Each structure stands twice: as C-alpha cells, then as structure tokens.
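Hi,

Here's the structure I promised to pass along. Have a look at it first, and then read on for my notes.

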Amino acid sequence: MTAKKDRSEMIRVDQAGEFGATRIYAGQLAVMGERGPHSAEIRAMAEQEAGHRAEFDALIAKRGVRPTLLQPFWNVAGYALGAGTALLGPKAAMACTAAVEEEIDLHYSRQLDELEADGDDPELADMIHRFREDEREHRDAAIAHGAEETPGFPLLYSAIRLGCKAAIRISEKI
C-alpha cells in the first residue's frame with residue numbers, strides 16, 4: 001500500500017467521522033432543544049466538530065480524495081444515534097459523546113503514531129493532533145456531565161464504541 005493511498009483513507013475516514021459527529025449533535029439538540037440540560041455544552045461541541053469537518057472538507061478538495069460513499073447512511077445513522085440517546089435523557093446523550101470521543105481519541109492516536117513515524121505529512125498530522133485534543137475535551141466534559149450515571153452505561157457505552165469501530169473500518173474503504 002502506498003503512502004498516498006494510506007493518507008487518502010485517513011482523510012476519507014476522518015472527514016466521515018467529523019460529519020457523523022455533527023449529525024449526532026444535531027440529533028441531540030433536536031430532541032433536547034436549546035434550553036435542555038447540557039444544551040450549551042452540546043452546542044459548543046457541535047460547533048467545534050463543524051470546524052473540524054470544514055477543515056477536512058477543504059483537505060479532501062485540495063488533495064482530490066474521494067469522500068466515503070456511505071455519507072447518506074452516516075447522515076441518518078448519526079442523527080438517529082444522537083436523537084435516540086437524547087430521548088433516553090441528558091446523561092445518555094453525554095454517554096454517547098463519551099463513547100464516540102473515546103473511540104475517536106484511540107483512532108486519532110493510532111493515525112498520529114503512523115504519521116509521526118513516517119514524517120511525510122505534517123499538515124495532516126497537525127490537524128489530527130489538534131482535533132484529537134478537542135475530542136479528548138469533549139469526552140472529559142461528557143463524563144463530568146454525568147455520562148457514567150446513565151442507567152445501563154456499560155452496555156450503552158460498549159455498543160456505541162463497537163458501532164464507531166465498525167463505522168471507521170467501513171469508511172476507510174468505501
């Protein structure tokens with residue numbers, strides 16, 4: 001596999017993930033409204049994710065990377081995940097955020113290890129490093145807002161993380 005192909009996969013999956021994150025937060029805010037518990041926190045996270053997505057959208061255009069063909073699916077799935085967890089309550093919405101961001105932290109860390117070892121794409125490495133720090137802050141904020149107090153937290157958290165892992169693997173290729 002060439003380095004160019006590897007980077008295209010990284011960019012494709014990361015753009016898809018940032019798109020999915022914006023849809024999750026849109027679903028949560030649609031259910032919780034602007035005055036619900038944690039709405040201000042969710043709105044701030046959503047704005048950061050939109051900024052991440054915009055940077056990946058620009059990188060996709062600049063480098064001629066094909067976006068994932070599954071974007072229409074991730075559009076619906078992300079929104080449904082966000083709305084569904086918000087319907088379970090504000091702490092469940094935070095549990096969703098904690099699970100997603102934990103998986104993205106691990107994903108970005110693996111990518112950074114590869115990029116730093118190769119040293120051939122400082123632009124992408126810088127983006128991923130900056131975004132990983134934001135994702136870590138989102139995870140920590142979700143935990144601070146009661147994510148772990150969600151009834152059935154271990155099951156919900158594990159299921160969402162498993163779904164994220166699958167989405168990552170699929171979006172790298174398709």
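Is the crossing of H4 and H6 left-handed or right-handed? In this model, which is a predicted one, the two helices cross in a right-handed way. On the geometry side, the axes of H4 and H6 are 9 Å apart, and the helices pack at an angle of about 40°. Angles from 35 up to 65 degrees are neither roughly parallel nor roughly perpendicular, so H4 and H6 count as oblique to each other.

As for who touches whom, H4 brings residues including Ala-92, Ala-95, Cys-96, Ala-99, Glu-103, His-107 and Arg-110 to the contact. From H6 come, among them, Phe-153, Tyr-157, Ile-160, Arg-161, Cys-164, Ile-168 and Glu-172. By type, the contact of H4 with H6 splits into 14 nonpolar residues, seven charged and one polar.

Now the pocket, in case you want to put a grid on it. The largest one holds about 430 Å³ of space, and 26 residues line it. Nearest its centre you'll find Gly-17, Gly-20, Ile-24, Cys-164 and Ala-167. Cys-164 thus turns up in two places: it belongs to the H6 side of the helix contact and to that central group in the pocket.

Helices H1 (3-32), H3 (71-88), H4 (90-118) and H6 (153-173) each supply at least two residues of the lining. H1 gives the most, with eight. Sorted by type, the lining of the largest pocket has 15 nonpolar residues, six polar and five charged.

Cheers

Technical notes:
Residues numbered from 1 in each chain as written. Predicted model: local features only at pLDDT ≥ 70, side-chain atom pairs only at ≥ 80, totals over all residues. Heavy atoms only, no water. 1 Å grid on protein atoms, 1.4 Å probe; cavity = no way out; pocket = protein on both sides within 12 Å on 5 of 7 lines; lining within 4 Å. Points joined across faces, edges and corners; volume = space filled by probe spheres on them. Helix = DSSP H or I, 4+ residues; strand = E, 2+ residues; numbered from the N terminus. Nonpolar A, V, L, I, M, F, W, Y, C, P; charged D, E, K, R; others polar. Axes fitted to C-alpha atoms, helices over the stretch in contact; angles between N-to-C directions. Parallel < 35°, antiparallel > 145°, perpendicular 65-115°, else oblique. Left-handed = near helix turned anticlockwise from the far one by under 90°. Contact = heavy atoms within 4.5 Å.
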